[in-house]
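The following exercises concern one protein structure and are to be solved step by step. Please examine the sequence and the model before turning to the solutions.

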Amino acid sequence: MLLLDIDNSILFDEATMRKMNKPTLLVERLDGNKQFMTMRAHLRLKRLVEINQVIPVTSRTVDQFKHLELFQIDAKPKWAILENGKTLLKEGKSDKRYENWLRQHQQPATMSSILIYLEEVEVTNWQAYPAMTLSERLTRPHEGISSVEDESALLEELFHRYQT
């Protein structure tokens with residue numbers, strides 16, 4: 001399962017997109033700011049989400065995450081980790097089972113707690129992209145993936161790996 005730090009990877013601002021020589025899509029409008037991603041990365045990410053192999057990780061709140069059209073319309077993930085680990089969404093809604101699990105185990109809402117919970121309910125191994133922003137926050141065993149220039153190729157490679 002890929003933990004994808006969307007704030008530090010696939011999304012780009014308007015100035016960055018203008019410098020790129022690749023087709024892009026507008027995927028978020030929030031407070032006058034726009035975020036884009038390449039069409040190839042969008043298609044590959046959508047495929048990974050469809051086979052339930054991506055968990056977006058973001059510092060965004062639930063309301064801010066709802067403005068990210070990519071994950072609301074095109075590729076709705078089963079799980080999403082928001083507010084740097086304080087909130088876990090399951091199919092777009094706060095996961096009440098996770099909130100009960102936190103109370104039962106007397107745990108704070110953190111990235112580590114979320115991963116322990118997810119390991120109990122369904123996921124057993126993790127990859128984190130980009131490693132430089134996620135690995136320092138993860139206490140669970142995982143494989144860090146270094147930043148790459150062509151993220152769409154990385155997503156395609158992961159899609160094929162997860163399918164086998």
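**Exercise 1.** Determine whether R47 is buried, partly exposed or exposed, and identify the carboxylate that R47 meets in a salt bridge.

*Solution.* Step 1. The classes are set by relative accessible area: under 20% is buried, over 50% is exposed, and partly exposed lies in between (1.4 Å probe, protein chains only). R47 has a relative accessibility of 30% and therefore counts as partly exposed. The model is a predicted one, in which local features need pLDDT of at least 70, side-chain atom pairs count only at pLDDT 80 or more, and totals for chains, interfaces and linings use all residues. Residues are numbered from 1 along each chain as its sequence is written, and side-chain values use heavy atoms, with hydrogens and water left out.

Step 2. A salt bridge requires a side-chain nitrogen of Lys or Arg within 4 Å of a carboxyl oxygen of Asp or Glu. R47 satisfies this with E156, at 3.1 Å from N to O. Helices (H or I, at least four residues) and strands (E, at least two) are DSSP runs, numbered from the N terminus. R47 belongs to helix α2 and E156 to helix α8 (residues 151-163), so the pair ties together parts that are 109 residues apart in sequence.

Step 3. E156, at 18% relative accessibility, counts as buried.

Step 4. A charge sits over a ring if NZ of Lys or CZ of Arg is within 6 Å of the ring centre and within 35 degrees of the ring normal. R47 lies over the face of F159, 3.8 Å from the ring centre.

**Exercise 2.** Establish how many salt bridges the structure holds, and describe the pairs E122 with K78 and E157 with R161.

*Solution.* Step 1. The count is twelve salt bridges.

Step 2. In the pair of E122 and K78, the closest N and O atoms are 2.8 Å apart. E122 lies in the loop between α6 (111-121) and β9 (127-129), and K78 in the loop between α4 (69-74) and β6 (79-82); the two are 44 residues apart, and the pair links distant parts of the chain. Both are partly exposed, E122 at 34% and K78 at 25%.

Step 3. E157 and R161 meet at 2.9 Å, N to O. Both lie in helix α8, four residues apart, about one turn of the helix. E157 is partly exposed at 43%, as is R161 at 37%.

Step 4. Salt bridges also link D7, E28 and R60 in a network.

**Exercise 3.** Give the strand order of the open three-stranded sheet.

*Solution.* Step 1. Two strands pair if DSSP finds at least two bridges between them. The order is β2-β4-β3, with antiparallel pairing. β2 (12-13) and β3 (24-30) stand at the edges with a single partner strand each, so one side of each lacks a neighbour in the sheet.

Step 2. Six bridges join β3 to β4 (residues 33-38); L26 has F36 in β4 as its bridge partner.

Step 3. Helix α2 (residues 39-50) packs on the sheet, touching β3 and β4, and its direction makes about 80° with that of β4. Contact here means heavy atoms within 4.5 Å; axes are lines fitted to C-alpha atoms, for helices over the stretch in contact, with angles from 0 to 180 degrees between N-to-C directions.
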